[in-house]
Amino acid sequence: MRRRAEAARNQVAYGHDSVIVCDQVVRIFTADRVEVQALQGLDLLVRKGDLIALVGASGSGKSTLLNILAGLDAPTAGAATVAGCDLLTMTAKERLRYRRELVGFVWQQTARNLMPFLTAAQNVALPMQLNGERWSAGRAKRRADRAGELLDALGIAHLADRRPAQLSGGEQQRVAIAVAMANNPSVVLADEPTGELDSETAASIFEAFRTVNRELGATVVIVTHDPMVAGEVRRTVAIRDGRTSSEVLRETLTDEHGQKSTSEREYVMLDRTGRVQLPREFLAALGMEHRVAVDLASDHIAVRPDEREGDA
Ligand SMILES: Nc1ncnc2c1ncn2[C@@H]1O[C@H](COP(=O)(O)OP(=O)(O)O)[C@@H](O)[C@H]1O
Ligand SMILES: [Mg+2]
């Protein structure tokens, strides 16, 4: 008994070193008495300071997940915490503070990110004003300074006095990233932020997210269809049918001659109960279904087709 209690105490909490922790997150929508399970027990850990891409077919649950992480929607079941905030049990007041101070959000629709009647600099200063501090000349100056610094960091200081209508789509998205960073959030979430842009502009937006990640220290999660984007990040997580199904990790290696090369490996997720989702094409290649034989070797586990017949 005592030993078991000790073991429980020594067991490190799931995701203790992660800024985003999703543990078996379920989100069910009910429309016209039909249930849609948008998320079906999704697990995801993201470490502080990471920049990751989320990919997946349309309808796989990417936006549902991002809306939950943004504090705009709540899971039906499971556990989700971001920067230590429990997204299931937050009060309305905590939720408001969470959305204003702990996360930043960039939407695909450029128009949705910015106030049309404010300049770029005013748009960036706005979330700081909403922070609840009373007005003072000193605070107003500090906000204007920070807005200027953010625009500068993103290479658009010269656009500070323009309104959104006077900016290109790519410029608007860069301002939107500055807005998302205004209150120095722990996490920046972006749902297909380059979806309305040509590939060259998309590359510059991506560079802006990288700057935010590397120089301003934000953890960044980007949902994207863009294979180029996915090819540039260290970690790409794929969502399939409302679950994280696989991920690709990339590493840049430098050899003895200073030549750089990237190595890339795809992994499938192993959930906490020991389940893995094998790639469909692997299963099809060997005709595996229903039941497989699993054998332990010294350094791997072999999964083989069930060869016994008539015993089903
Ligand atoms: N508000 C909603 N009401 C009903 N069904 C929804 C709602 N939002 C999303 N869904 C459904 O949940 C599934 C996942 O949607 P979504 O998260 O938007 O996917 P993705 O962003 O990966 O394309 C889809 O089947 C979608 O139709
Ligand atoms: Mg979506």
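1. Let's start with one term: two strands pair if DSSP finds at least two bridges between them. With that in hand, look at strand E10 (residues 243-254) and strand E11 (260-268) in this predicted model. They run antiparallel and are joined by 9 bridges. To see one of these partnerships for yourself, find threonine 252, whose bridge partner in E11 is threonine 262.

2. Now zoom out to the sheet that holds this pair. It is an open sheet of 7 strands, in the order E6-E7-E8-E3-E9-E10-E11, and its pairing is mixed. Strand E6 (103-106) and E11 sit at the edges, each pairing on one side only. From one strand to the next, the twist averages 20°. As a reminder from the textbook, strands of a sheet pair through backbone hydrogen bonds, either parallel or antiparallel.

3. A helix accompanies several of these strands. Helix H2 (residues 62-69) lies across strand E3 (51-55), strand E7 (187-191), strand E8 (219-223) and strand E9 (235-240). Relative to E7, H2 runs at about 150°.

4. There is another sheet to find. This open sheet has 4 strands in the order E2-E1-E4-E5, with antiparallel pairing. Which strands are at its edges? They are strand E2 (34-47) and E5, each of which pairs on one side only.

5. Inside that sheet, strand E1 (residues 18-31) and strand E4 (residues 77-82) pair in the antiparallel sense over 5 bridges. Cysteine 22 is a good place to look, as its bridge partner in E4 is alanine 80. On to the neighbouring pair: E4 is joined by 2 bridges to strand E5 (residues 85-86), again antiparallel. Here threonine 81 stands opposite aspartate 86 in E5. E4 and E5 form a hairpin with 2 residues between them, and alanine 83 in the turn has a positive phi of about 50°.

6. Next come the helices, with helix H5 (residues 120-129) as our guide. Its axis and that of helix H6 (residues 137-153) come within 9 Å and cross at roughly 125°. Why are H5 and H6 described as oblique to each other? Their crossing angle of roughly 125° is not under 35 degrees, not over 145 and not within 65 to 115, so it counts as oblique. The crossing of H5 past H6 is right-handed.

7. Which residues of H5 meet H6? They are Ala120, Ala121, Val124, Ala125, Met128 and Gln129, and their partners in H6 are Arg143, Ala144, Arg146, Ala147, Gly148, Leu150 and Leu151. Sorted by character, the residues of this contact are 9 nonpolar, 2 polar and 2 charged.

8. H5 also packs against helix H7 (residues 169-180), at an angle of about 25° and with the axes 8 Å apart. That angle makes H5 roughly parallel to H7, and the crossing is again right-handed. From H5 the contact uses Ala120, Asn123, Val124 and Pro127, while H7 supplies Val175, Ala178 and Val179. These residues divide into 6 nonpolar, 1 polar and no charged.

9. Finally, step back to the whole chain. The domain assignment gives domain 1 (47-60 + 90-260) and domain 2 (280-312). How many ångströms separate their centres? Taken over C-alpha atoms, the centres of domain 1 and domain 2 are 43 Å apart.

How values were computed
Residues numbered from 1 in each chain as written. Chains lettered and ligands numbered in written order. Predicted model: local features only at pLDDT ≥ 70, side-chain atom pairs only at ≥ 80, totals over all residues. Domains from an automatic or database assignment. Axes fitted to C-alpha atoms, helices over the stretch in contact; angles between N-to-C directions. Left-handed = near helix turned anticlockwise from the far one by under 90°. Contact = placed C-beta atoms within 7 Å. Nonpolar A, V, L, I, M, F, W, Y, C, P; charged D, E, K, R; others polar.
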